[in-house]
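Trainee: I should like to learn how to read strand pairing and side-chain surroundings from a set of coordinates. May we work through an example together?

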Amino acid sequence: MDWSLRPASMADVEAVAELRAVVLKADLERLGRYDEQRVRQRLRAGFTPAHTWTIEVSGVLAGCVALRPADGAYWLEHFYLAPDLQGGGIGSAVLGMLLERCDREGALIRLNVLQGSPARRLYERHGFTVETEDEVDVFMVRDPAPAAPGH
């Protein structure tokens, strides 16, 4: 699949907010937390283009991901991929690329994922472990991978 990342801009916020609403709807409904307006507003309120990239497939917006610096670590946030593209390796490839960058910096990465979300398996495959959880969110962390000898 032909995908690429490009730096996000404020012009992307509404398309990404809509994508978030579609991607999270089933999990939020299952948890009794879906609100048509709030799901979009939370993205708008936390959208920081300087730390965000859009994922494009064949030149069309297909997802986004953010890596926000915080207290000597990064928060992986707003990682959404269009439902018809999930499971095809794009999310894993994007995540792998970001993890390599963090590993080079020796940076810890944190994220939260909704309880019961299939995305949790993706994160576990990439070395994330559960730090804490509540009835809605699972908070996960990944230590940087050790540098290969000679690097």
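Trainee: Leaving aside its neighbours within four places in sequence, with which residues is Leu114 in contact?

Mentor: Please bear in mind that this is a predicted model. Outside that sequence window, Leu114 contacts Leu24, Asp27, Leu28, Leu31, Val136 and Asp137. Leu114 itself belongs to strand β5, which covers residues 108-114.

Trainee: How far apart are Leu114 and Leu24 in sequence and in space?

Mentor: They are separated by 90 residues in sequence, while their C-alpha atoms lie 8.8 Å apart.

Trainee: Is Leu114 buried or exposed?

Mentor: The test is a cut-off: a residue is buried when its relative accessible area is under 20%. Leu114 counts as buried because its relative accessibility is 13%.

Trainee: How many bridges join strand β2 to strand β3?

Mentor: A general idea helps first: side chains in a regular strand alternate between the two faces of the sheet. In this model, β2 (residues 52-57) and β3 (residues 60-70) run antiparallel and are joined by six bridges. One of the residues to inspect is Ile55, whose bridge partner in β3 is Gly63. The two strands form a hairpin with two residues between them, and Ser58 in the turn has a positive phi of about 55 degrees.

Trainee: Which residue takes a positive phi in the hairpin of β3 and β4?

Mentor: That residue is Asp71, with phi near 50 degrees; this hairpin has two residues between the strands. β3 and β4 (residues 73-81) run antiparallel, with seven bridges joining them. Arg68 has Trp75 as its bridge partner in β4.

Key:
Residues numbered from 1 in each chain as written. Predicted model: local features only at pLDDT ≥ 70, side-chain atom pairs only at ≥ 80, totals over all residues. Heavy atoms only, no water. Pairing = 2+ DSSP bridges. Helix = DSSP H or I, 4+ residues; strand = E, 2+ residues; numbered from the N terminus. Buried < 20%, exposed > 50% of the residue type's maximum accessible area, 1.4 Å probe, protein only. Contact = heavy atoms within 4.5 Å.
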